[in-house]
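The following exercises concern the structure shown below. Each task is followed by a solution that proceeds step by step.

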Amino acid sequence: MPLHELASVGPFFALRTDEDELAGAGGYLPLGEDAVRLRVETVGRRLGTEDVRIAASVAFQGITGRLLSIALGSATLTGRLPDLTTLRWHPLLTAPEDLWLPGAPMLPPAPDPVAQITATVLDARLVPLYELMRDVVPISPRLMWGNAGSSLAGALRVLHAWCREQGRQDDATYAVTLTRALFAHPLLADTGVLRADTEGTPSFARDTCCLYYRVPTGAGMCGDCVLRHPPRSRQH
């Protein structure tokens, strides 16, 4: 499956790759401080909140969801990962985050895809983005990495369901295996509990709250929120 076809799994897996179509298009920025500040402002305005912690939390969950979906989907369905060095982000566009990787460069196949995702996505992309977010808005690291864990589990649920619908049971199983290994990363290990029902369908209950329920429009709680699933009532 070519990288641009990951969009068939779902919008969080989509990645713009056409060099000609968007060449010269304005608004796409490297994943740096300018993009982070603009994204937090944009999310806060669209949520109708002046609480920058909520905006930063939702913005971080959005970008982690996109990066982890692309990584998990690519590793599962193509056996390779995109080289995100030249990745661009349009912080003013609607969710899910609009990402552009001109030319879709790919990394060489790796004997250990989990180690490759850890090095090129978690450590090289998410950690710097988290640090930038913290520079913009003082916010709990536990909450922020809880968002990343929730995003990873969400990517798995969508990918797992798509694989089963397409009759790709081996890929569905492999996606679960990759995700469980990624949750061993120190930044994700204590973010929640990943489980599966008797048919292998994954679910997740996180140990933190992303603050989305505080949005003035009455957004409610996320399905995996700790406020719905108190830690003391859960078992691994």
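A salt bridge is a side-chain nitrogen of Lys or Arg within 4 Å of a carboxyl oxygen of Asp or Glu. The model is predicted: local features need pLDDT (the predictor's confidence in each residue, from 0 to 100) of at least 70, side-chain atom pairs count only at pLDDT 80 or more, and totals for chains, interfaces and linings use all residues. Residues are numbered from 1 along each chain as its sequence is written, and side-chain values use heavy atoms, with hydrogens and water left out.

**Exercise 1. Determine which residue forms a salt bridge with Arg 16, and where the two partners lie.**

Step 1. Under the salt-bridge rule, the structure holds five such pairs. In one of them, Arg 16 is joined to Asp 98, with 2.7 Å between the closest N and O atoms.

Step 2. Arg 16 belongs to the segment before H1 and Asp 98 to strand E3, so this salt bridge ties together parts that are 82 residues apart in sequence. Helices (H or I, at least four residues) and strands (E, at least two) are DSSP runs, numbered from the N terminus.

Step 3. Accessibility is then assigned: buried means under 20% relative accessible area, exposed over 50%, partly exposed in between (1.4 Å probe, protein chains only). Arg 16 is partly exposed because its relative accessibility is 35%, whereas Asp 98, at 11%, is buried.

**Exercise 2. Describe the salt bridge between Arg 37 and Glu 33.**

Step 1. The N to O distance between these side chains is 3.0 Å.

Step 2. Helix H2 (residues 33–47) contains both Arg 37 and Glu 33, which are four residues apart, about one turn of the helix.

Step 3. Both values fall in the intermediate class: Arg 37 is partly exposed at 36%, and Glu 33 is partly exposed at 42%.

**Exercise 3. Place Trp 100 in its sheet and identify its ring partner.**

Step 1. Three strands form an open sheet in the order E1-E2-E3, with antiparallel pairing. E1 and E3 each have a single partner strand, so one side of each is left without a neighbour in the sheet.

Step 2. Strands pair if DSSP finds at least two bridges between them; strand E2 (residues 88–90) and E3 have three, in the antiparallel sense. Trp 100 in E3 is the bridge partner of Arg 88.

Step 3. Rings of Phe, Tyr and Trp (its six-membered ring) pair if their centres lie within 6.5 Å; planes under 30 degrees apart count as stacked, over 60 as edge-to-face and the rest as tilted. The whole structure contains five aromatic pairs. One of them joins Tyr 28 and Trp 100 edge-to-face, with 5.3 Å centre to centre and 70 degrees between the planes. Tyr 28 lies in the loop between helix H1 (19–22) and strand E1 (29–30), 72 residues from Trp 100.

Step 4. Tyr 28 is buried at 13% relative accessibility, and Trp 100 is buried at 9%.

**Exercise 4. Classify the pair of Phe 60 and Trp 145 and state which helices it links.**

Step 1. The centres are 5.8 Å apart and the planes make 90 degrees, an edge-to-face arrangement.

Step 2. Phe 60 is in helix H3 (residues 52–77) and Trp 145 in helix H5 (residues 141–165), so the pair ties together parts that are 85 residues apart in sequence.

Step 3. Both are buried, Phe 60 at 0% and Trp 145 at 6%. Ring pairs also bring Tyr 130 into a cluster with Phe 60 and Trp 145.
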